[in-house]
Amino acid sequence: RDFGDILDALGLEQVRLLVRGGSTAALHCAAAYPDRVIGGVLLGPDPPADLDRRHIGMMGRAKALFFGTPMLAGTFARLMSRRTNSAMIARLYRESVIGSPVDTQALEDPQVIADLVRAGRQSALGMHGFLAEMLAHGGGARPPALADASGWTVLTGAQDPLYAFDDAAAFWRAVLPGARFDTIADGGRFLHITHTQSVVAALAAR
């Protein structure tokens with residue numbers, strides 16, 4: 001309902017969504033407003049926890065912790081919130097893309113990392129949204145299957161260090177019948193930064 005209120009407040013009758021993270025929530029909104037969400041692009045969508053087998057690196061270990069021991073999640077989130085500062089946010093971003101050369105190179109740009117840090121500063125306010133999303137995800141939350149997803153494109157990076165799309169490819173094809181699926185061979189996690197034109201073209205194509 002918040003999503004519908006936002007569309008009304010902005011005077012938007014129909015929209016296409018660009019989604020990086022939170023794919024389950026985004027598709028719930030699309031299913032709830034089928035006449036207003038006419039498609040969009042999912043960037044490296046996070047698969048259901050039971051299909052997520054990539055637990056390597058710092059972010060992979062964090063996923064395993066949240067999914068495997070949810071009782072520790074609240075304590076961990078509060079600790080991270082108290083310790084959050086710009087330097088830590090930058091370090092966490094850099095550590096999260098270890099194993100993806102294209103992302104690592106992108107985050108060497110001072111303006112790129114500054115933008116990411118600024119966007120991540122809200123985590124210092126408590127990480128409530130992050131905690132709620134991780135608990136729901138680890139608890140088995142799944143997006144609804146859309147009746148017609150021909151207006152959607154799923155873009156993934158072959159070098160994504162966080163998710164291996166092949167682990168959940170069949171799931172996403174069932175959830176998004178008629179959608180277009182493209183993998184960018186030299187892409188990683190931050191496709192909107194490293195392959196901006198490909199993302200814009202996918203958003204405008206359907």
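The dialogue below walks through how to read several features of this predicted model.

Biologist: Before we begin, what should I keep in mind about the model and its numbering?

Modeller: This is a predicted model, in which local features need pLDDT of at least 70 and side-chain atom pairs count only at pLDDT 80 or more, while totals for chains, interfaces and linings use all residues. Residues are numbered from 1 along each chain as its sequence is written, and side-chain values use heavy atoms, with hydrogens and water left out.

Biologist: How many helices and strands are there in the protein?

Modeller: Helices (H or I, at least four residues) and strands (E, at least two) are DSSP runs, numbered from the N terminus, and the protein has 11 helices and 4 strands.

Biologist: What share of the residues counts as buried?

Modeller: Buried means under 20% relative accessible area, exposed means over 50%, and partly exposed lies in between (1.4 Å probe, protein chains only). Of the 206 residues of the protein, 45% count as buried.

Biologist: Which residues of helix α1 are buried, and which are exposed?

Modeller: An α-helix has 3.6 residues a turn, so residues three or four places apart point the same way. In helix α1 (residues 2-10), F3, G4 and L7 are buried, and they cover an arc of only 100° around the axis, which puts them on the same side of α1; the arc is that of the directions from the helix axis to the C-beta atoms. On the other side of α1, D2 and A9 are exposed. The buried residues of α1 pack against β1, α2 and β2 (37-43), where contact means heavy atoms within 4.5 Å.

Biologist: Why do the buried residues of α4 line one face of the helix?

Modeller: The buried residues in helix α4 (residues 73-83) are A73, G74, A77, M80 and S81. Seen down the axis of α4, they fall within an arc of 130°, so they line one face of the helix.

Biologist: What follows α1, and where is Q14 found?

Modeller: G11, whose phi is positive, near 70°, follows α1, and Q14 is found in the loop between α1 and β1. Q14 counts as partly exposed, at 49% relative accessibility, and, leaving aside its neighbours within four places in sequence, Q14 is in contact with D35, R36 and I38.

Biologist: How is empty space found, and what lies in the second largest pocket?

Modeller: Rolling a probe the size of a water molecule over the atoms shows where empty space is left. On a 1 Å grid over the protein atoms alone, a pocket is an open set of points where a 1.4 Å probe fits, with protein on both sides within 12 Å along at least five of seven lines, and lining residues have an atom within 4 Å of a point. Grid points are joined across faces, edges and corners, and a volume is the space filled by probe spheres set on the points. The second largest pocket holds about 250 Å³ of space, and of the 17 residues that line this pocket, the closest to its centre are G21, G22, S23, A25 and A26. The largest share of the lining, 5 residues, comes from α2.

Biologist: Is T24, in helix α2, buried or exposed, and what does T24 touch?

Modeller: T24 is buried, with a relative accessible area of 12%. Not counting residues up to four places away in sequence, T24 touches A141, R142 and P143.
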